[in-house]
Amino acid sequence: MRDFIVLENKARELRIDTLKMILEAGSGHIGGSFSIAEILTALYYDKMNLGTGVDDEERDRLILSKGHANPILYSILIDKGFVDEKEKHTLRRLHSPFQGHPDSRKCPALDCSTGSLGQGLSVGVGMALGLKKENRKGHVYVIVGDGELQEGICWEALMFAASKKLDNLTVIIDRNGLQLSARTEETNALENLEAKMKSFNLSVYTIDGHSFPEIFDALDKNAEGKPKCIIAHTIKGKGVSFMEDSVKWHGAMPTKEEADKAFVELGGENV
């Protein structure tokens, strides 16, 4: 039986570690990292089959298409032992495995290099198709930002995935309603997003992306011969009151006073 309290504490710890890494680096994307904390926690600490490591061909894969939110993924890779803990101090530095956007050449624990928004979903579709053709068990999870759904390449990928009945593919949309400099609906409206996804013949589930019961309920559903799409309504900057639902915290750096306040709210210390 899943212990949601343990998972909630882990998500909180990951937010603290992520903030520390970004502060040390002097740059990074706090808001988008915090909005997917529960989703990544559910995947890496419960749902995903991580196998014996990166060379295990039967394991599950994860593509963080919204690659700018990579600091929290890096925190997980360290915590799970895939990357040496000493690397947590190298975020965004030259030759570091933790580049500003995920680089699988420098960090083999990553399944895909991402950063050009919209492309991760197409790569995930290709991976899912390849696993199907080789009769392998692995499942592919792709986390996309809602802003990047404004890229046409995403809709081509969804159409192809449905036509090939890729039920080993789960697309998780981080629906926080904000992108680089404005709200998504002010930039290029996406709603009704659920109806759009259903029209592409996906199995669609709309959830609270910070609720572990709802996250697992959707992840555990049988997609019945279709790709699965989870529209996870989240809050950018979740966990820190003054960062929540604010476009400022897409890539802004907090002052010393703001950082101290953030650590207090997250229940950690700025060390």
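**Cavity linings and ring pairs**

User: How many nonpolar residues are in the lining of the second largest cavity?

Analyst: That lining has one polar and one charged residue, with Asp, Glu, Lys and Arg counted as charged, Ala, Val, Leu, Ile, Met, Phe, Trp, Tyr, Cys and Pro as nonpolar, and the others, Gly among them, as polar. This is a predicted model: local features need pLDDT of at least 70 and side-chain atom pairs 80 or more, while totals for chains, interfaces and linings use all residues. Residues are numbered from 1 along each chain, and side-chain values use heavy atoms, without hydrogens or water. The nonpolar count is ten.

User: Which element gives the most to that lining?

Analyst: A cavity here is a set of points on a 1 Å grid over the protein atoms alone where a 1.4 Å probe fits but can't get out, and lining residues have an atom within 4 Å of a point. Ile63 and Leu73 are among the lining residues. Two elements, α4 (70-79) and β1 (61-64), give two or more residues each (DSSP runs: helices H or I, at least four residues; strands E, at least two; numbered from the N terminus). With three residues, the top contributor is β1.

User: How are the rings of Phe4 and Phe216 arranged?

Analyst: Rings of Phe, Tyr and Trp (its six-membered ring) pair if their centres lie within 6.5 Å, with planes under 30 degrees apart stacked, over 60 edge-to-face and the rest tilted. There are five aromatic pairs. For Phe4 and Phe216, the centres are 6.2 Å apart and the planes at 20°, so the pair is stacked.

User: How many residues apart in sequence are the parts this pair of Phe4 and Phe216 ties together?

Analyst: Phe4 lies in helix α1 (residues 4-25) and Phe216 in helix α9 (residues 212-219). So the parts tied together are apart in sequence by 212 residues.

Definitions and conventions. 1 Å grid on protein atoms, 1.4 Å probe; cavity = no way out; pocket = protein on both sides within 12 Å on 5 of 7 lines; lining within 4 Å.
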